[in-house]
There are 2 protein chains.
Amino acid sequence: MKQVVENKCFGGRQLRFTHSSEVLDCDMHFSVYLPPRAETAPVPVLYWLSGLTCTDENFVAKAGAQQFAAREGVALVAPDTSPRGADVPDDPAGAYDFGLGAGFYVNATEPPWNRHYRMYDYVVDELPALLARALPLDNGRAGICGHSMGGHGALIIALKNPDRYRSVSAFAPICSPLNCPWGEKALGGYLGTDRRQWEANDTTALVRAATERLPILVDQGEADEFLAEQLRTELLVAASAEAQYPMEIRRQPGYDHSYFFIASFIGDHLRFHGQYLNK
Amino acid sequence: MKQVVENKCFGGRQLRFTHSSEVLDCDMHFSVYLPPRAETAPVPVLYWLSGLTCTDENFVAKAGAQQFAAREGVALVAPDTSPRGADVPDDPAGAYDFGLGAGFYVNATEPPWNRHYRMYDYVVDELPALLARALPLDNGRAGICGHSMGGHGALIIALKNPDRYRSVSAFAPICSPLNCPWGEKALGGYLGTDRRQWEANDTTALVRAATERLPILVDQGEADEFLAEQLRTELLVAASAEAQYPMEIRRQPGYDHSYFFIASFIGDHLRFHGQYLNK
């Protein structure tokens, strides 16, 4: 991996790297914020998964997370949202909700997507292993967080790997890709028509099947334009109740789907993760 | 003026407006953050002037200022950095440091610039008058702040109007356009070759001539790539000492010219202004 940008920020270092990903079979960028504490000892790490159309850079520039990461002594790792490059196939119509910028954090099984679109393995395995070798991170203390498609990614990844993450949180997550147009299109395209394969990538299904319990925090804006049709928080509320899986799901009056919503509550999320990551 | 965007942010309202500017003879956009306190009473206002290439939107998305404005109960007003539109002349070579995105907060006297490029009058007179009619702002309690070209703008505007602003601060300001390539090009183009006209728009000259004293805070990153040639903080330090004009000029080791630098210290600036605006 090669460092391409560095900016000092809240006493720490905001870094951007490029590397050749074996799992995704393409060159990728990702961003890392190292808090001041990383100068003297390995620090815990919070993975951030972004939503549709984003790269690693949106969160870095717009969320205002660094000040809270500096305070908690937690590194922030932001991967891109899909494989990238001229030979990576995209949605035939160039739609924003499939293909480039829309990897949905799954391992595609359908051609032509299955060659590059393996964001699940990239986020769970390849990226942490790469970072552990190169940066002062303690991957034994990891949390995961995300927004929208990335909230879905954070939740399914943590629920499928409760031994790897101490805490998980989400802003306006797609709660059930089985039950929304974004999910139908993405999982249908990447995983094929057998909906049983989708269930392994659906937060509500995973919550119902879970045997372990992770600390979970979800924030959802009540003025979010995607809430009713795409995000469907009520399905997560129901699954959580049915499975007796305790989680904090907060409804925030007046907030929409934007980074202004994320910025308003990212401090709460960093404090939430900090209490588990700094144990 | 017409509202075109609204996002809830830290309990307040992040707004964007468009209007037809008489002074600039074109349509303009600007952004306003209203803190929660504005729901019940007029609030003081902090004007933010951006740097080269920016619009009103960079500061809004990247500085993370809203949380501190919410805490201080201060509105943030961010104008654009130049007149805009198809009939507004631009640098003939399309350079980033003259013409569109580079108004330098002066009133141009040279054709063809003098028809539209009157950002000084726009920021000092037209915009505050417009806002006073439409929003719950108390312009009797105003401060001004900016970055780079906008730091220059904030300083010259406050120094020329000490009765209008209670406090002024700047991030990495162009301290003396009389003595740097950016300033030579911009003031030469907008104001012509008589350098005596430039002095009325040069912070170091205005500090030397000042009869009143405003609270001034300046932050300058020591790793700023423009410091030595364009910003020249040492000339402001010298002018301040020579004129016995007290101001706090802080050098921040390791910080560059980016919004990561601004974000790291915007909280300090809001607290600085807050103590004068909430008196």
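Me: A cavity is a set of grid points where a 1.4 Å probe fits but cannot get out, and its lining residues have an atom within 4 Å of a point. This is a predicted model. What lines the largest cavity?

Reply: Eight names answer to that 4 Å limit, so they count as lining. Gln14(B), Ser31(B), Tyr33(B) and Phe59(B) are among them. So are Val60(B), Gln66(B), Leu76(B) and Ala78(B). The space in this cavity is about 50 Å³.

Me: What makes the lining of the largest cavity nonpolar, polar or charged?

Reply: The class of each residue decides. Five lining residues are nonpolar, three are polar and none is charged. Tyr counts as nonpolar, so Tyr33(B) falls in that class. Gln and Ser are in neither the nonpolar nor the charged list, and therefore Gln14(B), Ser31(B) and Gln66(B) count as polar.

Me: Which elements each supply at least two residues of that lining?

Reply: In chain B, these are β3 (26–34), α1 (57–62) and β5 (75–79). Ser31(B) and Tyr33(B) fall within the β3 range. Phe59(B) and Val60(B) fall within α1. Leu76(B) and Ala78(B) fall within β5.

Me: How many cavities of 30 Å³ or more are there?

Reply: The count is two. The second largest holds about 40 Å³ of space. Its lining includes Gln14(A), Ser31(A), Val32(A), Tyr33(A) and Val77(A). β3 (26–34), α1 (57–62) and β5 (75–79) of chain A each give two or more residues to this lining. By class, seven are nonpolar, three are polar and none is charged.

Me: Why are β1 and β9 of chain A said to stand at the edges?

Reply: Start with the strand order. Chain A has an open sheet of nine strands, ordered β1-β2-β3-β5-β4-β6-β7-β8-β9, and the pairing is mixed. β1 (2–9) and β9 (248–252) each have a single partner strand, so one side of each has no neighbour in the sheet. On average, neighbouring strands here are turned by 20 degrees against each other, direction ignored.

Me: How do you know that β1(A) and β2 of chain A pair?

Reply: Two strands pair if at least two bridges are found between them. β1(A) and β2 (residues 12–21) have seven bridges, so they pass, and their sense is antiparallel. Opposite Glu6(A) stands Leu15(A) in β2(A).

Me: What packs on the sheet of chain A?

Reply: Helix α9 (residues 233–242) of chain A does, touching β8 (216–221) and β9. Its direction makes about 150 degrees with that of β9(A). Helix α10 (residues 259–277) of chain B also packs on this sheet, touching β1 and β2 of chain A. The direction of that helix makes about 30 degrees with that of β1(A).

Me: What is the order of the strands in chain B?

Reply: Nine strands run in the order β1-β2-β3-β5-β4-β6-β7-β8-β9, in an open sheet with mixed pairing. The edge strands, β1 (2–9) and β9 (248–252), each pair on one side only.

Me: What makes β7 and β8 of chain B a pair?

Reply: The cut-off is two bridges, and β7 (residues 167–171) and β8 (residues 216–221) have four, so they pair. The sense is parallel. Ile216(B) in β8(B) is the bridge partner of Val168(B).

Me: How many residues does the contact take from each chain?

Reply: Chain A gives 22 residues and chain B gives 22 residues. The area buried between them is about 1700 Å², with 55% from carbon and sulfur atoms. In chain A, Lys8(A), Phe10(A) and Phe260(A) lose the most area to chain B, together 37% of what that side buries. Helix α10 (residues 259–277) of chain A lies across β1 and β2 (12–21) of chain B.

Me: What kind of peptide bond joins Pro111(A) and Pro112(A)?

Reply: It is cis, with omega about 0 degrees. Pro112(A) lies in the loop between β5 and α3 (119–134) of chain A. In chain B, the bond from Pro111(B) to Pro112(B) is cis too, with omega near 0 degrees.

Me: Why does a positive phi or a cis bond get a mention?

Reply: Most residues other than glycine have a negative phi, and most peptide bonds are trans. Tyr105(A) is not a glycine, yet its phi is positive, about 60 degrees. Tyr105(A) sits in the loop between β5 and α3 of chain A.

Definitions and conventions: Residues numbered from 1 in each chain as written. Chains lettered and ligands numbered in written order. Predicted model: local features only at pLDDT ≥ 70, side-chain atom pairs only at ≥ 80, totals over all residues. Heavy atoms only, no water. 1 Å grid on protein atoms, 1.4 Å probe; cavity = no way out; pocket = protein on both sides within 12 Å on 5 of 7 lines; lining within 4 Å. Points joined across faces, edges and corners; volume = space filled by probe spheres on them. Contact = heavy atoms within 4.5 Å. Axes fitted to C-alpha atoms, helices over the stretch in contact; angles between N-to-C directions. Buried area = accessible area lost by both parts, 1.4 Å probe.
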